[in-house]
Amino acid sequence: MKILDKINEPVSKVRPYQPGRPIEDVARDFGLNPDEIVKIASNESVLGVSPKAQKALIECVSNLHRYPDAGAWELRDKLSKKMNLEPDQFIFGAGSNEILVFLAQVFLGPGKAVVASAHAFVIYKILTAMMGGDFIEVPVKAGLQHDLDAMAKAITPETSLVFVCNPNNPTGTLISQEEIDNFMEQVPDDVLVVFDEAYAEICLGEMPDTLSFVKKGKTCIVLRTFSKAYGLAGIRIGYGMASAELVSELNKPRQPFNANLAAQNMAVAALDDDEFLQDSIEAYRSAKQYYEQLCNELELEFIPSYANFVLIKTGNGGDIAQKLMALGVIVRPLQPYLLDDWIRVSFGTAEENQAFGSAIKQLRQSNDV
Ligand SMILES: Cc1ncc(COP(=O)(O)O)c(C=O)c1O
């Protein structure tokens, strides 16, 4: 097709994001019963959708002929009280992913550079490539930890954005307050630090306070989402917190109704669902213990995780993920993260985790792992 010669050059080189495979796809491919398939591949909520959010969805259904509030005022107001920020310090997106897109559209292009850790959320690399920018990937420290000192040193006059993913997907590692404080002292103020905190509310360790940098007027943005902690991945709602000046620039590429009506209502209700949040954290703590014991028993290396998933070294992750799928367990292979020997397993219910345990033991018996 001749039109393909006219594709924007950076876009033509992009390798698209590979999401976790849906249950129905896997059932079709492997001739399995979808009801018997366990999907622990996308770090989704272990307890499903927050019940308060579900109720809010039902209540707003008859209003869905209306456009949503383009300013998301109710949600903005609620979050601004919760976070102690001004209402104009929030930007909303169809998932925090959309805010990553705004950041790329506003700050990246040919001649501009991004600094990020190796093995960090792969969307940073994809968006940088899409905009024709340079992606500077900084090697990790022992234990696949972000090396913030090396990241600070990798900053050049061309750097626009630095991504700090904490806890990091897919490694589950957590950066301490001290490391972040030291890092922020080294970053020049013409570089925007993006704290991507998709797992903050369910963090299984001590989550550093990065909002204090927003409050002090540092050049940074903190991204959060309702996808993980509140189980709203399917409705798409996330937000960013930064200075009002920065938010107003990021709002320029944002389309007026990007945060849909149902998502806004569900998010407002979810913020009151403390019980759901606490129960989820409890389930993740038990799951973490289960997986760590399982890995120790099978002598499989793993990275201690502070989020709702764990990275396990099985050797040949692509092949193992495929074999697990044939046994009805969907996990994530990590070739796009250059972690070919690893798989990422999301924390599921006790039953789902045990299904993984049985499947991996079966692969051990056949000498696959
Ligand atoms: C680190 C990180 N950031 C951002 C996202 C995007 O999440 P969402 O767009 O659902 O808010 C994810 C999703 O997996 C993630 O792991």
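The second largest pocket of this predicted model has a volume of about 350 Å³. Its lining comprises 14 residues. Val14, Arg15, Val122, Lys125 and Ile126 lie nearest the centre of this pocket. Helix 6 (residues 123-130) supplies the largest share of the lining, three residues. By class, nine of the lining residues are nonpolar, two are polar and three are charged. Domain 1 (2-48 + 274-365) and domain 2 (51-270) both contribute to the lining, so the second largest pocket lies between them.

The largest pocket has a volume of about 540 Å³. It is lined by 25 residues, and Tyr17, Ser42, Phe121, Lys228 and Arg236 are the closest to its centre. Helix 5 (residues 96-107) gives the most to this lining, with three residues. The lining of the largest pocket divides into nine nonpolar, nine polar and seven charged residues. Domain 1 (2-48 + 274-365) and domain 2 (51-270) both give residues to the lining of the largest pocket, so this pocket also lies between the two domains.

The ligand is surrounded by 13 residues. The closest are Ser96, Asn169, Thr225, Ser227 and Arg236. Arg236 is thus named twice: it is among the residues closest to the centre of the largest pocket and among those closest to the ligand. Three polar side-chain contacts to ligand oxygen follow. A polar side-chain atom of Thr225 lies 2.5 Å from an oxygen atom of the ligand. For Ser227, the distance from a polar side-chain atom to a ligand oxygen atom is 2.6 Å. For Lys228, the corresponding distance is 2.9 Å. Lys228 is also one of the residues closest to the centre of the largest pocket.

One cavity of 30 Å³ or more was counted. About 60 Å³ of space lies in the largest cavity. Its lining consists of Ser117, Ala118, His119, Ala120, Phe121, Val122, Lys125, Phe135, Glu137, Pro336 and Tyr337. Seven of these residues are nonpolar, two are polar and two are charged. Some of the residues in this lining recur at the pockets. Phe121 lines the cavity and is among the residues closest to the centre of the largest pocket. Val122 and Lys125 line the cavity and are among the residues nearest the centre of the second largest pocket.

Four strands form an open sheet in the order 9-10-13-12. The pairing is antiparallel. Strand 9 (302-303) and strand 12 (332-333) stand at the edges. Each has a single partner strand, so one side of each is left without a neighbour in the sheet. Strand 10 (residues 309-313) and strand 13 (residues 342-346) pair over five bridges in the antiparallel sense. Within this pairing, Lys313 has Trp342 of strand 13 as its bridge partner.

Backbone geometry was examined next. A cis peptide bond joins Asn166 and Pro167, with omega about -15°. The bond from Asn169 to Pro170 is also cis, with omega near 15°. Pro167 is found in the loop between strand 5 (159-165) and helix 8 (177-186). Pro170 is placed in the loop between strand 5 and helix 8 as well. Asn169, which precedes Pro170 at the cis bond, is one of the residues closest to the ligand. Leu144 has a phi near 55°, a positive value in a residue other than glycine. Leu144 lies in the loop between strand 4 (134-138) and helix 7 (148-153).

Note on methods:
Residues are numbered from 1 along each chain as its sequence is written. This is a predicted model: local features need pLDDT of at least 70, side-chain atom pairs count only at pLDDT 80 or more; totals for chains, interfaces and linings use all residues. Side-chain values use heavy atoms; hydrogens and water are left out. On a 1 Å grid over the protein atoms alone, a cavity is a set of points where a 1.4 Å probe fits but cannot get out, and a pocket is an open set with protein on both sides within 12 Å along at least five of seven lines; lining residues have an atom within 4 Å of a point. Grid points are joined across faces, edges and corners, and a volume is the space filled by probe spheres set on the points. Helices (H or I, at least four residues) and strands (E, at least two) are DSSP runs, numbered from the N terminus. Ala, Val, Leu, Ile, Met, Phe, Trp, Tyr, Cys and Pro count as nonpolar, Asp, Glu, Lys and Arg as charged, and the others, Gly among them, as polar. Domain bounds come from an automatic or database domain assignment. Two strands pair if DSSP finds at least two bridges between them. A residue is near a molecule or strand if one of its heavy atoms lies within 4 Å of it. A polar contact is a pair of N or O atoms within 3.5 Å; within protein, one must be able to donate a hydrogen and the other to accept it, and residues adjacent in sequence count only if both atoms are side-chain atoms.
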